[in-house]
Amino acid sequence: MEPFARSKEMKVTGFDAIGKKLDQMARFSEEIDGTLATVSFDAGDPESIEAALQEISDAIDEKTQSYERNDWVQGLAEQLKEHARNQVLEKAAAARTGSKE
């Protein structure tokens with residue numbers, strides 16, 4: 001008898017969960033399309049910059065409330081926060097140095 005002669009069945013599951021995550025990701029993407037938050041800040045005031053960053057973070061968190069269990073949405077939200085943070089910090093630095101961005 002050959003060692004691989006036996007046939008074994010294997011059931012693959014989890015596609016429903018993946019489909020649900022994809023559907024939620026699509027809905028979330030539609031919800032965040034456009035302006036998430038409009039903030040203003042004083043480029044020379046670290047507290048003002050931090051308040052603007054918190055406002056952006058809060059706006060993103062508000063959009064993700066219905067997707068708390070979807071790690072894909074939460075991961076994207078963290079990336080959005082990081083991107084927004086970088087944008088604000090770059091604009092603040094440019095304003096302090098007088099360069100135009």
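Which helix gives the largest share of the lining of the largest pocket? In this predicted model, that turns out to be α3, with six residues. The pocket itself has a volume of about 280 Å³. Its lining counts 13 residues, and those closest to the centre are Ala37, Ile56, Ala84, Gln87 and Val88. Helix α2 takes part as well: α2 and α3 each bring at least two residues to the lining. Sorted by class, the lining holds nine nonpolar residues, three polar ones and one charged one.

Now for how α2 and α3 sit against each other. Helix α2 covers residues 46-64 and helix α3 covers residues 71-97; their axes come within 10 Å and cross at roughly 160°. An angle over 145 degrees counts as roughly antiparallel, and α2 and α3 are therefore roughly antiparallel to each other. Their crossing is right-handed. On the α2 side, the contact is made by Ile49, Glu50, Leu53, Ile56, Ser57, Ile60, Asp61 and Thr64. From α3 come Val73, Gln74, Ala77, Leu80, Lys81, Ala84, Arg85, Val88, Leu89, Ala92 and Arg96. Eleven of the residues in this contact are nonpolar, three are polar and five are charged. Some names come up twice here: Ile56, Ala84 and Val88 belong to the contact of α2 with α3, and they are also among the residues closest to the pocket centre.

Helix α3 has a further partner in α1, which spans residues 15-32. The axes of α1 and α3 come within 8 Å, with a crossing angle of roughly 35°. Here Ile18, Lys21, Leu22, Gln24, Met25, Phe28 and Ile32 of α1 meet Asp71, Trp72, Val73, Leu76 and Leu80 of α3. This contact splits into nine nonpolar residues, one polar and two charged. Val73 and Leu80 of α3 meet α1, and both also take part in the contact with α2.

Notes
Residues are numbered from 1 along each chain as its sequence is written. This is a predicted model: local features need pLDDT of at least 70, side-chain atom pairs count only at pLDDT 80 or more; totals for chains, interfaces and linings use all residues. Side-chain values use heavy atoms; hydrogens and water are left out. Axes are lines fitted to C-alpha atoms, for helices over the stretch in contact, and angles run from 0 to 180 degrees between N-to-C directions. Helices (H or I, at least four residues) and strands (E, at least two) are DSSP runs, numbered from the N terminus. Angles under 35 degrees count as roughly parallel, over 145 as roughly antiparallel, 65 to 115 as roughly perpendicular and the rest as oblique. A crossing is left-handed if the near helix is turned anticlockwise from the far one by less than a right angle, and right-handed if clockwise. Contact means heavy atoms within 4.5 Å. Ala, Val, Leu, Ile, Met, Phe, Trp, Tyr, Cys and Pro count as nonpolar, Asp, Glu, Lys and Arg as charged, and the others, Gly among them, as polar. On a 1 Å grid over the protein atoms alone, a cavity is a set of points where a 1.4 Å probe fits but cannot get out, and a pocket is an open set with protein on both sides within 12 Å along at least five of seven lines; lining residues have an atom within 4 Å of a point. Grid points are joined across faces, edges and corners, and a volume is the space filled by probe spheres set on the points.
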